[in-house]
Amino acid sequence: QDRDTESYKDCYVQTYDEMLSILQASISREQAVAALENTNIVADKCNVEIDLGHSYLPAVDVPPEFKDETEYMKSCIKEGIIRRGINKKSNYKEYAARVKFEFNVICTKGFQGYFLILKDLINRAKERGIPIGPGRGSAGNCLITFLMGITDIDPVLYGLDFSRFLTIQRTDLPDVDSDVSTSRRSEFIDLIADYYGQEYVAQNATFGTLASKECLDSVGRVMKIDRVIVDEAKKNLSEIEGVKSIARLNKSFYEKNKTYIDMCARIEGLPRSEGCHAGAVCIAGNHKPMVEYAPVRYNKDNKITTQFEMHDAQAVSLVKFDMLGLGTLDVIADAAKLAGFDYYSFNPPLDDKETYDMVSAGDTSTVFQAESGFMTNVFKLIKPQNIEEWSACIAIGRPDTIKYLEPYYKRKFGMEEITYI
């Protein structure tokens with residue numbers, strides 16, 4: 001629609017005198033003045049103080065036999081030592097020293113509540129039969145998460161360094177990513193909301209932004225720019241640098257279409273659409289409901305979401321818990337069911353030769369993190385025969401470590417001499 005019309009002539013922030021003049025056309029001057037004064041009264045009442053830089057956790061339900069969170073956490077760890085059979089291991093002293101060190105770091109940082117909440121959430125999901133992954137990322141480096149049932153990876157067995165997960169110097173809460181089956185993630189979030197209260201739990205928003213070519217198309221459409229010019233602008237664009245790169249790459253074209261291109265540059269990167277984060281769930285703490293921390297809305301699935309993305313949600317003192325939907329867990333659960341097991345009683349061996357031979361031959365279809373053509377090639381070259389070599393395949397497949405692929409497999413198969421640091 002053409003905006004240079006009578007309908008749009010007053011569409012700007014008007015002065016006091018202009019508003020007074022407009023209002024007096026329908027009400028008395030006295031009433032108009034009172035109405036304008038009321039806007040100041042309302043504005044003066046609209047004051048808010050946003051508490052930044054904290055991490056307010058929800059209250060932990062500590063059983064009455066324990067005096068505080070620290071004593072309760074100690075008990076959970078001791079139970080885990082027995083349940084995991086750590087007390088029967090020949091290197092029990094190594095485990096005990098590791099637990100003591102990790103526990104000291106966690107308590108010094110005051111993070112006991114965070115670990116107890118995670119333990120409670122994971123246990124509730126397991127009791128409901130919701131498939132939860134064994135652990136993802138640096139949380140697998142923590143022995144205490146293993147003993148508390150948050151993860152199922154023994155970091156001492158695999159030589160994983162706790163400092164990769166948490167150190168005394170770290171100021172913010174550690175990240176513990178928990179995988180949950182995609183088909184039951186919504187049920188898990190409902191379980192959390194039912195326990196803590198619907199008004200205290202929300203997922204996080206995500207915002208899609210206007211990309212370079214999308215700006216050129218959208219602004220061109222609104223400004224009625226000839227399609228030939230729009231297409232030419234897209235050809236003279238570096239998507240890495242954005243719309244502003246047109247001025248450098250084709251100065252004469254930019255000068256002829258300066259108004260159009262400058263407008264595109266102004267709106268590039270602005271939010272265009274709102275979605276829901278795939279993993280982040282916030283639980284409001286400090287005995288305050290979610291609306292005390294962030295604006296909220298219902299998403300298309302009728303779930304409450306903050307209107308802050310996850311970093312802003314954390315900035316206003318909300319604590320984020322990452323519950324990542326993973327379809328692979330649904331596949332495993334379905335396969336286990338077909339074999340006559342439930343997900344948690346299915347305990348496949350880590351030394352199954354047929355499995356290693358399968359992926360070494362390049363048959364990696366539907367294998368988590370090994371499906372791409374590049375990863376298939378990694379497995380064919382390294383030919384893993386144990387879980388450590390499998391882990392190396394996944395690690396080498398990362399962008400910063402691809403350079404180690406050739407030295408790794410050549411040294412494994414004696415085609416290159418091994419050098420030691």
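This report walks through the nonpolar core, one helix pair and some salt bridges of a predicted model.

A few ground rules before the details. Local features here need pLDDT of at least 70 and side-chain atom pairs count only at pLDDT 80 or more, while totals for chains, interfaces and linings use all residues. Residues are numbered from 1 along each chain as its sequence is written, and side-chain values use heavy atoms, with hydrogens and water left out.

**The core**

Let's start inside. A nonpolar core here is a set of buried Ala, Val, Leu, Ile, Met, Phe, Trp, Tyr and Cys residues joined through side-chain atoms within 4.5 Å. Buried means under 20% relative accessible area, exposed means over 50%, and partly exposed is in between (1.4 Å probe, protein chains only). The largest such core has 50 residues, and the ones touching the most other members are Met73, Ile77, Phe115, Leu121, Met148, Phe188 and Phe321. Two or more residues each come from α3 (69-83), α4 (92-109), α5 (112-127), α6 (143-147), α7 (185-196), β3 (271-283) and β6 (319-326). The top contributor is α5, with 8 residues. Helices (H or I, at least four residues) and strands (E, at least two) are DSSP runs, numbered from the N terminus. As a rule, nonpolar side chains in soluble globular proteins tend to be buried together.

Phe188 is a handy place to zoom in. Leaving out neighbours within four places in sequence, Phe188 is in contact (heavy atoms within 4.5 Å) with Leu121, Ala125, Ile130, Ile132, Val180 and Met323. One of those partners, Ile130, sits in the loop between α5 and α6 and counts as buried, at 0% relative accessibility. Not counting residues up to four places away in sequence, Ile130 itself touches Ala125, Val180, Ser181, Arg184, Glu187, Phe188, Leu191 and Tyr344. For a sense of scale, the C-alpha atoms of Ile130 and Asp10 are 57 Å apart, with these positions 120 residues apart along the chain.

**A helix pair**

Now for α16 (residues 373-382) and α18 (residues 405-412), whose axes come within 9 Å and cross at roughly 25°. The axes are lines fitted to C-alpha atoms, for helices over the stretch in contact, and angles run from 0 to 180 degrees between N-to-C directions. Angles under 35 degrees count as roughly parallel, over 145 as roughly antiparallel, 65 to 115 as roughly perpendicular and the rest as oblique, so α16 and α18 are roughly parallel to each other. On the α16 side, Phe374, Val378, Leu381 and Ile382 meet Leu405, Tyr408, Tyr409 and Lys412 of α18.

**Salt bridges**

With a salt bridge taken as a side-chain nitrogen of Lys or Arg within 4 Å of a carboxyl oxygen of Asp or Glu, the count comes to 25. Here are three of them:

| Pair | Closest N to O distance |
|---|---|
| Arg170 and Asp172 | 3.0 Å |
| Asp217 and Lys234 | 3.2 Å |
| Glu239 and Lys213 | 3.3 Å |

Glu239 lies in the loop between α9 (227-235) and α10 (245-249) and Lys213 in helix α8 (residues 212-222), so their bridge ties together parts 26 residues apart in sequence. Glu239 is exposed at 54% relative accessible area, whereas Lys213 is partly exposed at 35%.

Asp217 in helix α8 and Lys234 in helix α9 are 17 residues apart. Lys234 is partly exposed, at 22% relative accessibility. Asp217 and Lys234 also belong to a salt-bridge network with Arg227 and Asp231.

As for the remaining pair, Arg170 is partly exposed at 22%, and Asp172 is partly exposed at 44%.
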